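Please open the structure in your viewer and keep the sequence panel visible. The tour below proceeds one selection at a time.

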Amino acid sequence: MVWGCYELAMLLQFFRQIPSDRRVGILTLYNLGNSAAMVLLGQSLGHSSWKWFGGTRDAYLSVFVGSSLLRLVAMFPMPGRRVAVHSTRLAPNSWISRTVAVRQWLEP
């Protein structure tokens, strides 16, 4: 569930940050590069790490936790991270306040 939320957040940030006239081309190149990296580099590193840890269930969990921590660490040097986090936090609050206001207006 956490990975699904992460993927959705990244997709929404892409749609928000990329100009609409260049969105299709940029997202196509991004998805190509991301998929190639996952298949070629991710599979190779994951399999090598799993074998190095012994190839057991515990080794799989170790690789999973390690990759999760590396993704978390990779977020810190992102440029514009604070602005993106702040604007992302404001979006649900704005939606909730609009929804509550409409419901109050509709109720007799």
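The tour moves from the whole chain to a pocket and then to a single residue.

**The whole protein.** Begin with the complete chain, bearing in mind that this is a predicted model. Display it as a cartoon: there are four helices and zero strands, and the order along the sequence reads α-α-α-α. Next, switch on the surface. The accessible surface amounts to about 9400 Å², and carbon and sulfur atoms account for 70% of that area. Of the 108 residues, 6% count as buried.

**The largest pocket.** Now select Trp-3, Met-38, Gly-42, Ser-67 and Arg-71, the lining residues that lie nearest the centre of the largest pocket. The space in this pocket is about 1100 Å³, and its lining consists of 29 residues. Colour helix 1 (2-17), helix 2 and helix 3 (57-75) separately, since each of these helices supplies at least two lining residues. Which helix gives the largest share of the lining? Helix 2 does, with 12 residues. By chemical character, the lining comprises 18 nonpolar, nine polar and two charged residues.

**A residue of helix 2.** Finally, select Ser-48, which belongs to helix 2 (residues 23-52). How should the exposure of Ser-48 be classed? Its relative accessibility is 45%, so Ser-48 counts as partly exposed; that class lies between the cut-offs of 20% and 50%. Add Val-63 to the selection and draw a distance between the two C-alpha atoms: the separation is 9.8 Å, while along the chain Ser-48 and Val-63 are 15 residues apart.

Key:
Residues numbered from 1 in each chain as written. Predicted model: local features only at pLDDT ≥ 70, side-chain atom pairs only at ≥ 80, totals over all residues. Heavy atoms only, no water. Buried < 20%, exposed > 50% of the residue type's maximum accessible area, 1.4 Å probe, protein only. Areas by Shrake-Rupley, 256 points an atom, 1.4 Å probe, with all protein chains shown as cover. 1 Å grid on protein atoms, 1.4 Å probe; cavity = no way out; pocket = protein on both sides within 12 Å on 5 of 7 lines; lining within 4 Å. Points joined across faces, edges and corners; volume = space filled by probe spheres on them. Nonpolar A, V, L, I, M, F, W, Y, C, P; charged D, E, K, R; others polar.
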